[in-house]
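Let's take a walk through this one together. Have the viewer open, and we'll go from spot to spot.

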Amino acid sequence: MPIWMMRQAGRYLPEYRKTRAQAGSFLDLCYNPELACEVTLQPIRRFGFDGSILFSDILVVPHALGQDVRFEEGIGPVLPPLSAGEIDALIVGFESDPERFDRHLDPVIETVERLRSALPDEVTLLGFCGAPWTVATYMVGGRGSPDQAAARKFALNEPDVFDRLLHCLAEASVRYLSRQISAGADAVQIFDSWAGSLSPAGFQRYSVGPIAEMVEGLRARHAGTPIIGFAKGAMHALGPFSAKTGVNAVGLDWTIDVAAARSQVPDTMVTQGNIDPQLMTAGPDALDAAVDAMMRGSEGLPHVANLGHGITPDGQIDQVHRFIERVRAG
Ligand code: CP3
């Protein structure tokens, strides 16, 4: 069973914290191909994962569309929340000159090229982007929030502008992922981290619809590249999500039993996940039990071992070693 870990390059690693300090700001690190390549490789060197995920962030997309994006210590991302008029202006700007969007992301594409030549052939290189809904929650709300109320409110009050924004993000993200694939990404993951705050109708319209549009656009250009869809918090809708978006693989958060997840998707579909990231902060017994349950629940079916969300800065390096050893021991 292949294994990698969401946020495997991050603050729980001393070597990451060192390079991060050297880079300046977090965004400086994302746009520095040499250092972004270095932090991507750090967890591969230390742990020997089977998958390596490009080091970048989902918010480089709104940044490339012309919205200001900052990362503040202890807060996370901070963007100036956009009005309906400002959103329309960003969309018009993108449509009149999409190459400007591409140029802004050139350093990230260079990181992918460097990674492909630095990584051993047997390590899968994963590209990624945020799903339109999750990226839009930051563009409209200005920062992370527990329930994405600002974006849900905006979608209800300005439905046409919001649909246009999601369509624009889907189109821009297809351009971006397509370039990552051409530069050497073997597979791509679409993160819908805030899918769990949507109503059933909202989930269909704002998560499933735009991701399906992206899958169609990517398939037309890169028929053989696997696409992983991760609708965090929406495990109740895993079956329809996998069928209607057309993705090849689905990410599982830690709220669902793997066997229950497997019963909702075809046997040929790949599942990925779903160890609770908090298990990386506690003792070995609970982790072992969760790994064993994941392996039993997916026995004989295609599953990629991973966490159910990113490892947190207080994740323990010993626990990561234990996770890998237990998966590899079968
Ligand atoms: O190793 C990897 O997984 C690749 C790198 C990666 C990062 N962000 C680096 C990062 C990936 C795939 C992301 C995706 C991302 N970014 C998502 C989707 C996945 C998820 O976590 O739900 C989201 C919602 C974001 C937006 C974002 N970026 C937030 C909310 C934060 C702050 C939270 C935090 O952990 O501080 C970030 C910052 C961020 N992105 C860090 C890293 C390593 C930490 C910042 C730092 O080093 O100072």
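**Starting at the ligand**

R7 counts as exposed, because its relative accessibility is 52% and the cut-off for that label is over 50%. Before going further, keep in mind that what you're looking at is a predicted model. As for where R7 belongs, look at the segment before α1. Its backbone deserves a look too: R7 isn't a glycine, yet its phi is positive, at about 60°. Most residues other than glycine have a negative phi. We'll run into another case like that further on.

R7 is also a good way into the binding site. There are 22 residues around the ligand, and R7 is among those that come nearest, along with R11, Y16, S193 and H309. If you'd rather think in terms of secondary structure, α1 (14-23) and β3 (76-78) each supply at least two residues of that shell. What's the chemical make-up of the shell around the ligand? It divides into 13 nonpolar, 5 polar and 4 charged residues.

Now for the polar atoms. Zoom in on Y16, where a polar side-chain atom lies 2.5 Å from an oxygen atom of the ligand. On the backbone side, Q8 has a polar atom 3.2 Å from a ligand oxygen. D57 deals with a nitrogen instead: an N or O atom in the D57 side chain is 2.7 Å from a nitrogen atom of the ligand. How much of the ligand does the protein bury? Taken alone, the ligand exposes 870 Å², and 88% of that is buried by the protein. If you've run a pocket search, look for the ligand in the largest pocket.

Next, let's move to the loops. Q148 is found in the loop between α8 (132-141) and α9 (149-157). Here's the other positive phi: about 55° for Q148, which is not a glycine either. Is Q148 buried or exposed? Q148 is buried, because its relative accessible area is 4% and buried means under 20%.

From Q148 you can hop across to S197, since the two side chains are joined by a polar contact of 2.9 Å. S197 is found in a loop as well, the one between β5 (187-192) and α11 (200-221). The S197 side chain also reaches the backbone oxygen of W194, at 3.2 Å.

A few more stops, starting with the peptide bonds. Most peptide bonds are trans. The one from G273 to N274 is cis, with omega near -10°. You'll find N274 in strand β8 (residues 270-275).

Then there's D288, whose place is in helix α14 (residues 284-297). D288 counts as buried, because its relative accessibility is 8%, with the cut-off at under 20%. Which residue does the D288 side chain make a polar contact with? That would be R326, side chain to side chain, at 3.4 Å.

Last stop: C168, which lies in helix α10 (residues 159-182). C168 is buried too, because its relative accessible area is 2%. Try drawing a distance from C168 to F94: the two are 74 residues apart along the chain, and their C-alpha atoms are separated by 8.0 Å.

Conventions. Residues are numbered from 1 along each chain as its sequence is written. This is a predicted model: local features need pLDDT of at least 70, side-chain atom pairs count only at pLDDT 80 or more; totals for chains, interfaces and linings use all residues. Side-chain values use heavy atoms; hydrogens and water are left out. A residue is near a molecule or strand if one of its heavy atoms lies within 4 Å of it. A polar contact is a pair of N or O atoms within 3.5 Å; within protein, one must be able to donate a hydrogen and the other to accept it, and residues adjacent in sequence count only if both atoms are side-chain atoms. Accessible areas come from the Shrake-Rupley method with a 1.4 Å probe; for residues, only the protein chains shown count as cover. On a 1 Å grid over the protein atoms alone, a cavity is a set of points where a 1.4 Å probe fits but cannot get out, and a pocket is an open set with protein on both sides within 12 Å along at least five of seven lines; lining residues have an atom within 4 Å of a point. A molecule sits in a cavity or pocket if more than half of its atoms lie within 2 Å of its grid points. Helices (H or I, at least four residues) and strands (E, at least two) are DSSP runs, numbered from the N terminus. Ala, Val, Leu, Ile, Met, Phe, Trp, Tyr, Cys and Pro count as nonpolar, Asp, Glu, Lys and Arg as charged, and the others, Gly among them, as polar. Buried means under 20% relative accessible area, exposed over 50%, partly exposed in between (1.4 Å probe, protein chains only).
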